[in-house]
Amino acid sequence: MTRANAKRNRAAGRGSPATPVVPRQAAPVAEETKRELVFLVADKGMEAMIGAFMGREDFHHRLGCSRFDFDPKTDIVKATGHDPGLVKGEAATINRRRNEYRRAIVVVDNAYDNSPGPDRIRERIAAQLDGFWEQFAVIVIDPELENWFWVDYPDLLKQVLLWTAKGGDRTPRDVLEEAGLWQAGASKPGDPKLAVEYLYKQGYTNDANNGIFKRLGLALRSVRGCTDESFRLLMATLAEWFPATDGRAVTTHASTYAVDNTEQTEHTQ
């Protein structure tokens, strides 16, 4: 295209033919100096919870995997476009780090406007990573991060929510059941995010922001009883990539969304 033609096209609101955007490659790093794992997360809440938990000295014991070097300050990347941005194409930006890291995990919520659903989200993000990483996983939280928050430790929940005198001796579950937001016999509130917001708006807690995720990540005693499918997939993936040597291995198998291209196999749940 000549300069004159390009000028006329710009004046008419037309551009040059679109070209594929290829992530800029980082300078090659020797294999022995690569870091083990990088997370790409959709928002600050995920960054806070995963960073706090993975920054603990005992994270590997809690997750049932062997210990590996992990620095929350450098090994977690927050997306700028949040959940929809990752699905539409931003997940590919992590590919520019493939020469620095051996593995990648993308964490995203299912609950956002016009979400295509967990299966399509996984497919779209996996398509952005496939061919770049020998090992990667896509973790879709359904409906959203607050589903990881609701654990069966009432005293711990009161601590991280900054429970107020209004709640007294009642547990968060007691209050939410009275409000019809937590069904008897259910392991979690029907709408986990609404439950957090309700407690805060009604004056039962002093925080409904990312601080609750950070405090939970720092204080959580055990994750073995977690029933959330996406979190159990994360545990199983890490246990598979970093097998425990002391009998703490997680028994749940990683799903097809934890991809190991070095062996050209897929694992089924």
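Buried means under 20% relative accessible area, exposed means over 50%, and partly exposed covers what falls in between. Keep those cut-offs handy for these exercises on a predicted model.

**Exercise 1: Cysteines**

Work out whether Cys65 and Cys226 are buried or exposed, then say how many disulfides the structure has.

*Solution.*
- Step 1: Take Cys65, whose relative accessibility is 4%. The cut-off for buried is under 20%, so Cys65 counts as buried.
- Step 2: Do the same for Cys226. Its relative accessible area is 14%, so Cys226 is buried too.
- Step 3: Recall what we're looking for. A disulfide is a covalent bond between the sulfur atoms of two cysteines.
- Step 4: Check the search result: over the whole structure, it turns up zero disulfides.

**Exercise 2: Following the strands**

Find which strands pair with β1, and then trace how the chain gets from β3 to β4.

*Solution.*
- Step 1: Start with strand β1, residues 35–41. Five of its seven residues are buried, so β1 is largely enclosed by the rest of the structure.
- Step 2: Look at one neighbour. Strand β3 (residues 101–109) pairs with β1 in the parallel sense, over six bridges. Phe39 stands opposite Ile105 in β3, and Leu40 stands opposite Val106 in β3.
- Step 3: Look at another neighbour. Strand β2 (residues 76–78) runs parallel to β1, joined by three bridges. Here Leu40 stands opposite Val77.
- Step 4: Move on to β3 itself. Eight of its nine residues are buried, which leaves the strand mostly covered.
- Step 5: Go from β3 to β4 (residues 135–141). These two strands run parallel and are joined by seven bridges. As an example, Val107 has Ile139 in β4 as its bridge partner.
- Step 6: Trace the connection. From β3 the chain passes through helix α5 (residues 118–129) and on to β4, making a right-handed β-α-β crossover.

**Exercise 3: Aromatic rings**

Classify the ring pair Phe68 and Phe70, then explain what the pair Trp150 and Trp182 ties together.

*Solution.*
- Step 1: Know what to look at. A pair of aromatic rings is described by the distance of the centres and the angle of the planes.
- Step 2: Count the pairs: the structure holds nine of them.
- Step 3: Classify Phe68 and Phe70. Their ring centres are 6.4 Å apart and their planes are at 90°, so this pair is edge-to-face.
- Step 4: Check burial. Phe68 is buried at 6% relative accessible area, and Phe70 is buried at 10%.
- Step 5: Turn to Trp150 and Trp182. With 5.5 Å centre to centre and 75° between the planes, this pair is edge-to-face. Both tryptophans are buried.
- Step 6: Locate them. Trp150 lies in the loop between α6 and α7, and Trp182 in the loop between α8 and α9, so their pair ties together parts that are 32 residues apart in sequence.
- Step 7: Spot the cluster. Ring pairs link Phe39, Phe59, Phe68, Phe70 and Phe242.

**Exercise 4: Charges over rings, and a loop residue**

Which rings have Lys166 and Arg221 over their faces, and where does Gln202 lie?

*Solution.*
- Step 1: Lys166 lies over the face of Tyr204, 4.8 Å from the ring centre.
- Step 2: Arg221 lies over the face of Tyr153, 4.7 Å from the ring centre.
- Step 3: Gln202 is in the loop between α9 (192–201) and α10 (210–219). Its relative accessible area is 35%, so Gln202 is partly exposed.
- Step 4: Relate Gln202 to Lys166: they are 36 residues apart in sequence, and their C-alpha atoms are 9.1 Å apart in space.

Conventions: Residues are numbered from 1 along each chain as its sequence is written. This is a predicted model: local features need pLDDT of at least 70, side-chain atom pairs count only at pLDDT 80 or more; totals for chains, interfaces and linings use all residues. Side-chain values use heavy atoms; hydrogens and water are left out. Helices (H or I, at least four residues) and strands (E, at least two) are DSSP runs, numbered from the N terminus. Buried means under 20% relative accessible area, exposed over 50%, partly exposed in between (1.4 Å probe, protein chains only). Two strands pair if DSSP finds at least two bridges between them. A disulfide is a pair of cysteine sulfur atoms within 2.5 Å. A crossover is right-handed if, with the strands pointing away from the viewer, the path from the first strand over the helix to the second runs clockwise. Rings of Phe, Tyr and Trp (its six-membered ring) pair if their centres lie within 6.5 Å; planes under 30 degrees apart count as stacked, over 60 as edge-to-face and the rest as tilted. A charge sits over a ring if NZ of Lys or CZ of Arg is within 6 Å of the ring centre and within 35 degrees of the ring normal.
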